[in-house]
Structure formats: C-alpha cells, structure tokens
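Please look through the sequence and the model shown below, and keep both at hand while reading. The paragraphs that follow start from a single residue and work outward from there.

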Amino acid sequence: MTREDRIVKRAFLSEAAVLFAACAVMEPPQGGPKDETPPEVLSIVPEPGSAGVSSDASIRISFSEKIDGDSFKKRVAVYPPLEFDKVGAKGAEFEMRFKEAIPETTVCVMIRSGYTDYHKVKSRKDISFCFAT
C-alpha cells in the first residue's frame, strides 16, 4: 500500500467516523401533549336495560383507552349485593364476574367516578346501568 493510499484510506475512515458519530445522537422522542382526557365508555355488555340475561353472565365495559383495573375495586357497587369472583381490567376492557349465578331479578351496577386510565387521568362521570336476568 502506497503512502497516498494510506492517506486516502485514513481520510475516508475519518469522514465515515464523523458522519457515523453525527447520526448516533440519542435523544428521547419528542412525544405529544400530556394526556388529560379521561376514559370514555364505548360499550357495555350486557346491554343496559336488557332482559333475559343469562344467570352466569359477566359484565364487560369497553373504554376509549387503556384503564387501570385497580382503580375500580373500591368504586363498584352492585344491587342486589353479589360477591365477585373477578374485578379487573386488561387493556381497555373492564370485566366483573360473579362467584355464583345471578338470581332471577333486576341487577343494577354503579361505578363511581374517579377510576383512572393508564396515564392516571381520573374519570369525571359515574357509570350506572341495570339489566334483568
């Protein structure tokens, strides 16, 4: 390798190193505005006001965004009082299951405001609905 070849090779490697270093600047993504919108109910199963619901039905509520299932635990009330087998959320879906079959009656579900989404934004509206078995 001639002296000129070594100089060209060093110059090329130096320029490549400078370009590579300039491209490798690590920064966090800019992101967007802070989420301040509380979760909204998209659907409820069983349908509010429905009749003839199965006695082994679970209650599912779909929200507009991911929710924090733990934030619901002290905000849920059911009449007549029924014992829960499961109260929780996965993603944007909230689910309640009962330990025993629902008696043949009208069931009313009330969820007080204050449950939160994944970003800890609190809801401002209560949820209440009834259905009949």
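The model is a predicted one, and a good place to enter it is E95, a residue that lies in strand 5, which covers residues 93–98. Leaving aside residues up to four places away in sequence, E95 touches S58, I59, R60, K86, V87 and G88. Two of these contacts can be described through side chains: the side chain of E95 makes a polar contact with the side chain of S58 at 3.3 Å, and it makes another with the side chain of K86 at 3.1 Å. The pair of E95 and K86 also counts as a salt bridge, with 3.1 Å between the closest N and O atoms. K86 itself is partly exposed, because its relative accessible area is 31%, and a residue is called partly exposed when this value falls between the limits of 20% for buried and 50% for exposed.

To see where strand 5 belongs, it helps to turn to the sheet around it. Four strands form an open sheet in the order 1-2-5-4, and their pairing is antiparallel. Strand 1 (41–45) and strand 4 (84–90) stand at the edges, and each has a single partner strand, so one side of each is left without a neighbour in the sheet. On average, and with direction ignored, neighbouring strands of this sheet are turned by 10° against each other.

The sheet can now be followed pair by pair, in the order in which the strands lie. Strand 1 is joined to strand 2 (residues 59–63) by four bridges, and the two run antiparallel; one residue to look for here is V45, whose bridge partner in strand 2 is R60. Strand 2 then pairs with strand 5, again in the antiparallel sense and over four bridges, and in this pairing I61 has F94 of strand 5 as its bridge partner. Strand 5 is joined in turn to strand 4 by six bridges, with the two strands running antiparallel, and here the bridge partner of K90 is E93, in strand 5. Strand 4 and strand 5 also form a hairpin, with two residues between them, and G91 in the turn has a positive phi of about 65°.

From the backbone pairing we can return to the charged side chains. Side chains of opposite charge can pair when their charged atoms come close. The structure has four salt bridges in total, and the pair of E95 and K86 described above is one of them. In another, the side chains of D68 and K120 meet with 2.8 Å from N to O. D68 lies in the loop between strand 2 and strand 3 (76–79), while K120 lies in the loop between strand 6 (106–111) and strand 7 (127–132), so this pair ties together parts that are 52 residues apart in sequence. K120 counts as exposed, because its relative accessibility is 55%. A further salt bridge brings together the side chains of K73 and D70, with 3.3 Å from N to O, and D70 also counts as exposed, because its relative accessibility is 55%.

Aromatic rings offer another way to trace connections, and a search of the whole structure finds five aromatic pairs. In one of them, the rings of F84 and F98 have their centres 5.6 Å apart and their planes at 25°, so the pair is stacked. This pair links distant parts of the chain, since F84 is in strand 4 and F98 is in strand 5, 14 residues apart. Are these two residues buried or exposed, or something in between? F84 counts as partly exposed, because its relative accessibility is 25%, whereas F98 counts as buried, because its relative accessibility is 10%. Elsewhere, ring pairs link F63, F72, F94 and Y115 into a cluster, and F94 will be familiar as the bridge partner of I61.

Finally, the view can be widened to the whole protein chain, which contains one helix and seven strands. From the N terminus on, these elements run α-β-β-β-β-β-β-β. Of the 133 residues in the protein chain, buried residues make up 31%. Among the contacts in the protein chain with a separation of 6 or more, 62% are made by residues 24 or more positions apart.

Methods:
Residues numbered from 1 in each chain as written. Predicted model: local features only at pLDDT ≥ 70, side-chain atom pairs only at ≥ 80, totals over all residues. Heavy atoms only, no water. Polar contact = N/O pair within 3.5 Å; in protein donor to acceptor, adjacent residues only side chain to side chain. Contact = heavy atoms within 4.5 Å. Pairing = 2+ DSSP bridges. Axes fitted to C-alpha atoms, helices over the stretch in contact; angles between N-to-C directions. Buried < 20%, exposed > 50% of the residue type's maximum accessible area, 1.4 Å probe, protein only. Phe/Tyr/Trp six-rings, centres within 6.5 Å; stacked < 30°, edge-to-face > 60°.
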